[in-house]
Amino acid sequence: MLIEFNKYQGAGNDFIVIDNRKSMVRANNHDLFAGLCNRRFGIGADGLILIADHPELDFEMLYYNSDGKPGTMCGNGGRCAFAFCLKNGIAGDKSRFKAIDGVHRVCLNNDGTISLEMSDVKAPEIVGGNHFLDTGSPHYIIAVPDVDSVNVGERGRNIRKSAQFSPGGTNVNFVEFRDNGIKIRTYERGVEAETLACGTGITAAAISSRWGKAEGRQSVDVEARGGKLNVQFSLDTMAARSVVLTGPAKFVYKGEFDTEMIIH
């Protein structure tokens with residue numbers, strides 16, 4: 001059976017997006033999704049998004065990691081899902097959609113970037129002297145003097161699979177703090193490799209960079225390997241609230257795949 005797909009990327013974090021409002025693809029088809037995301041035998045992507053109908057909102061986003069398994073919240077994926085829905089008349093310039101962690105508001109900005117309202121974030125836990133936050137996905141933040149020199153694959157993999165984060169594991173972020181913002185690299189669980197950007201990780205690192213140092217409305221510019229983003233939030237002693245992640249989401253190409261041709 002031929003199924004149409006679209007490829008999108010948000011700051012180099014790339015996704016296969018499928019309009020599944022007619023339920024052409026069975027949800028939780030882990031082998032198929034892993035095969036599609038495989039960069040050698042499939043289309044290739046960091047994750048896969050199914051767009052589904054929702055009775056009260058513009059759409060629902062079902063997100064799967066590149067290993068084919070259901071993922072937690074994906075910030076770059078949320079912006080790409082909205083960009084797809086906007087391009088295809090499913091959503092307007094301002095939209096609301098459901099993700100695994102709840103309802104999100106999202107809008108198109110005049111400069112073409114997309115702003116996504118994230119969930120509130122509770123105070124960080126201190127694990128091994130570093131911040132651990134849940135921004136819809138779990139993130140461990142490690143400050144480093146020079147993020148470009150870090151072996152993200154090796155260090156990230158060891159921490160992601162360490163006993164202190166068992167059994168679910170964690171995403172691992174290496175962050176260089178600058179006067180005007182932060183520079184970040186992320187090892188993503190589910191992808192099991194470094195990605196060019198991670199929206200929930202960028203959000204976690206931005207909040208971590210200001211936690212205990214400031215209160216009120218904050219704006220943090222973030223440089224990831226795949227592009228530049230911005231995180232705004234209102235900070236108090238208990239939580240970061242009204243969190244907004246802003247960045248690019250771009251259409252790359254579209255095509256069709258035959259479910260019988262995917263090697264699992």
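Let's start at Phe251, which is partly exposed at 36% relative accessibility; here buried means under 20% relative accessible area, exposed over 50%, and partly exposed in between (1.4 Å probe, protein chains only). This is a predicted model, so local features need pLDDT of at least 70, side-chain atom pairs count only at pLDDT 80 or more, and totals for chains, interfaces and linings use all residues. Residues are numbered from 1 along each chain as its sequence is written, and side-chain values use heavy atoms, with hydrogens and water left out. The tour below goes from a surface patch to a helix, then to salt bridges and three buried residues.

**A patch on the surface**

- Phe251 sits in strand β18 (residues 250–258); helices (H or I, at least four residues) and strands (E, at least two) are DSSP runs, numbered from the N terminus.
- Together with Val252 and Tyr253, Phe251 makes a nonpolar surface patch with about 250 Å² of accessible area.
- Patches are made of residues with over 30% relative accessible area and no salt bridge, where like charges are joined within 9 Å and nonpolar side chains (Val, Leu, Ile, Met, Phe, Trp, Tyr) within 5 Å.
- Accessible areas come from the Shrake-Rupley method with a 1.4 Å probe, and for residues only the protein chains shown count as cover.

**Helix α2**

- Helix α2 (residues 75–87) has 13 residues, which should span 18 Å at 1.5 Å a residue, and this agrees with the 19 Å between its end C-alpha atoms.
- The expected span of a helix is 1.5 Å times one less than its number of residues.
- Because 11 of its 13 residues are buried, α2 is largely enclosed by the rest of the structure.
- Among the buried residues of α2 are Cys80, Phe82, Phe84 and Cys85.
- After α2 comes Gly89, with a positive phi near 75 degrees.

**Salt bridges**

- Side chains of opposite charge can pair when their charged atoms come close.
- The structure holds 12 salt bridges, each being a side-chain nitrogen of Lys or Arg within 4 Å of a carboxyl oxygen of Asp or Glu.
- Arg178 pairs with Glu176 in a salt bridge of 3.7 Å, N to O.
- Arg178 also forms a salt bridge with Glu223, with the closest N and O atoms 3.0 Å apart.
- The pair of Glu223 and Arg178 links distant parts of the chain, 45 residues apart: Glu223 is in strand β15 (residues 216–224) and Arg178 in strand β12 (residues 171–178).
- Arg178 is partly exposed at 33% relative accessible area, Glu223 is partly exposed at 26%, and Glu176 is buried at 14%.
- Another salt bridge joins the side chains of Arg241 and Asp236 (2.9 Å, N to O).
- Arg241 is partly exposed at 35% relative accessibility, and Asp236 is partly exposed at 26%.
- Lys7, Asp14, Arg39 and Asp46 are linked in a network of salt bridges.

**Asp46, a buried member of the network**

- Asp46 lies in the loop between α1 (30–37) and β3 (47–52).
- Asp46 is buried, with a relative accessible area of 8%.
- The side chains of Asp46 and Arg39 share a polar contact of 3.1 Å.
- A polar contact is a pair of N or O atoms within 3.5 Å; within protein, one must be able to donate a hydrogen and the other to accept it, and residues adjacent in sequence count only if both atoms are side-chain atoms.
- Leaving aside neighbours within four places in sequence, Asp46 is in contact (heavy atoms within 4.5 Å) with residues including Asp14, Arg39, Tyr63 and Thr195.

**Two buried residues of strand β13**

- Tyr187 lies in strand β13 (residues 181–188), and Arg185 is found in β13 too.
- Tyr187 is buried at 0% relative accessible area, and Arg185 is buried at 9%.
- The side chain of Tyr187 makes a polar contact of 3.3 Å with that of Glu192.
- The C-alpha atoms of Tyr187 and Arg155 are separated by 8.7 Å, although these residues are 32 residues apart along the chain.
- A polar contact of 2.8 Å joins the side chains of Arg185 and Glu194.
- A polar atom of the Arg185 side chain also lies 3.1 Å from the backbone oxygen of Val150.
- Beyond neighbours within four places in sequence, the contacts of Tyr187 include Val152, Val172 and Glu194, and those of Arg185 include Val152, Val172 and Glu194.
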